[in-house]
Amino acid sequence: MLLETRVLILLGVIMTLSLMPSACGADAGSVPLYLSDLEAEVLREMNLARTQPGLYAQVLERRRQYYQGNRFERPGEIALITNEGLSAVDEAIEFLRRVQPLEVLSPSRGMSRTAKDHVQDQGPSGATSHSGTDGSRMVDRFNRYGRWHGKIGENISYGSSDARDVVVQLLVDDGVPSRGHRKNIFDPEFRVAGVACGGHSEYGAMCVTTFASTYDDFPDNP
């Protein structure tokens with residue numbers, strides 16, 4: 001039987017300004033009510049990778065068996081045609097084996113609203129960009145709900161509504177020479193994060209993850 005193929009698109013961007021001291025976000029041990037189950041799972045998966053990268057390398061190792069050349073196909077699922085195949089996976093495994101563990105990313109309400117704005121804007125339009133349909137940029141969205149210091153970044157994945165698949169895609173960073181999504185997740189200067197996921201008219205699903213060194217919500221954030 002001929003299986004339909006699909007391509008997952010990943011986007012990543014980062015911005016750096018001079019560092020200024022500020023308090024970190026909320027306790028990462030609790031699950032904030034403003035996150036959906038999927039969004040909370042994406043945050044947990046990122047933190048698992050950051051705090052136990054050697055363990056997460058085993059997650060990627062178990063996926064190697066489903067590759068045939070550039071084709072990734074798990075039983076009962078639609079096949080995915082990748083750009084680099086196993087070479088990108090093996091590179092990510094090697095990275096995870098050697099990288100030093102980092103502290104968890106604490107959840108931020110304002111940064112999650114930043115991410116949600118982009119999901120709600122792009123989802124219906126089917127666009128794939130860090131720019132909003134109104135021309136807004138990542139930094140504009142960050143500035144809506146709080147004050148950030150140090151460094152900010154944004155990852156966007158399209159095509160998956162499974163938390164582990166989302167994080168694995170961003171870590172492997174297939175087809176992205178800079179490996180910018182992986183760098184965002186493992187940037188030691190990032191300490192707080194926001195997450196928002198939703199539907200996408202072209203690729204079915206999208207997740208936006210936002211990162212900052214520090215982020216202070218405006219007091220009137222609901």
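**Figure 1. A right-handed link: the disulfide of C197 and C207, with 110° about the S-S bond.** The model shown here and in the other views is predicted. In this close-up, C197 is joined to C207 by a disulfide, and the S to S distance is 2.0 Å. C197 sits in strand β8 (residues 192-200) and C207 in strand β9 (residues 204-217), so the bond ties together parts that are ten residues apart in sequence. Look for both cysteines in the interior: C197 is buried, and C207 is buried as well. There is one disulfide in the structure, so this view covers that topic. For orientation, the protein has seven helices and nine strands, and 50% of its 222 residues count as buried.

**Figure 2. Helix α1 (residues 37-51) against helix α6 (residues 163-172), with axes crossing at roughly 45°.** Two packed helices are described by the angle between their axes and the distance between the axes. For this pair, the axes come within 8 Å. The two helices are therefore oblique to each other, and α1 goes past α6 in a right-handed crossing. On the α1 side, the residues that make the contact are L38, E41, V42, E45, M46, L48 and A49, and they meet A163, R164, V167 and L171 in α6. Sorted by class, this contact has eight nonpolar and three charged residues, with no polar ones.

**Figure 3. Helix α2 (residues 53-63) meets α6 too, this time with the axes crossing at roughly 95°.** Here the axes come within 11 Å, and the angle makes α2 and α6 roughly perpendicular to each other. Y56, V59, L60, R62 and R63 are the α2 residues to pick out, and R164, D165, V167, V168, L171 and V172 are what they meet in α6. The class count for this contact is seven nonpolar, four charged and no polar residues. Readers coming from the previous view may recognise some of the α6 residues: R164, V167 and L171 are among those in contact with α1, and they are also among those that meet α2.

**Figure 4. Helix α4 (residues 109-125) and helix α5 (residues 138-145) cross at roughly 135°.** Their axes come within 8 Å, and the angle makes α4 oblique to α5. As for handedness, α4 passes α5 in a right-handed crossing. From α4, the view takes in G110, M111, R113, T114, D117 and H118, which meet R141, F142, R144 and Y145 in α5. By class there are three nonpolar, three polar and four charged residues in the contact of α4 with α5.

**Figure 5. Positive phi in the loop between α6 and α7: D173 and R179.** Most residues other than glycine have a negative phi. Against that background, D173 has a positive value near 60°. R179 is positive too, with phi near 55°. Are these two loop residues buried or exposed? D173 is buried, with a relative accessible area of 0%, and R179 counts as buried at 8% relative accessibility.

**Figure 6. What does A88, in helix α3 (residues 86-98), touch beyond its neighbours in sequence?** Setting aside residues within four places along the chain, A88 is in contact with V172, D174, R179 and R182. One of these, R179, is the positive-phi residue of the previous view. A88 and D174 are 86 residues apart along the chain, yet their C-alpha atoms are separated by 5.9 Å. A88 itself counts as buried, at 0% relative accessibility. To put such pairings in context, take the contacts in the protein between residues at least 6 apart in sequence: 75% of them join residues at least 24 apart.

**Figure 7. P219, in the segment after β9.** This close-up goes to the outside of the model, where P219 is exposed, with a relative accessible area of 84%. P219 and Y145 are 74 residues apart in sequence, and the C-alpha to C-alpha distance between them is 9.0 Å. Y145 will be familiar from the α4 and α5 view, where it is one of the α5 residues in contact with α4.

Conventions: Residues are numbered from 1 along each chain as its sequence is written. This is a predicted model: local features need pLDDT of at least 70, side-chain atom pairs count only at pLDDT 80 or more; totals for chains, interfaces and linings use all residues. Side-chain values use heavy atoms; hydrogens and water are left out. Axes are lines fitted to C-alpha atoms, for helices over the stretch in contact, and angles run from 0 to 180 degrees between N-to-C directions. Helices (H or I, at least four residues) and strands (E, at least two) are DSSP runs, numbered from the N terminus. Angles under 35 degrees count as roughly parallel, over 145 as roughly antiparallel, 65 to 115 as roughly perpendicular and the rest as oblique. A crossing is left-handed if the near helix is turned anticlockwise from the far one by less than a right angle, and right-handed if clockwise. Contact means heavy atoms within 4.5 Å. Ala, Val, Leu, Ile, Met, Phe, Trp, Tyr, Cys and Pro count as nonpolar, Asp, Glu, Lys and Arg as charged, and the others, Gly among them, as polar. A disulfide is a pair of cysteine sulfur atoms within 2.5 Å. Buried means under 20% relative accessible area, exposed over 50%, partly exposed in between (1.4 Å probe, protein chains only).
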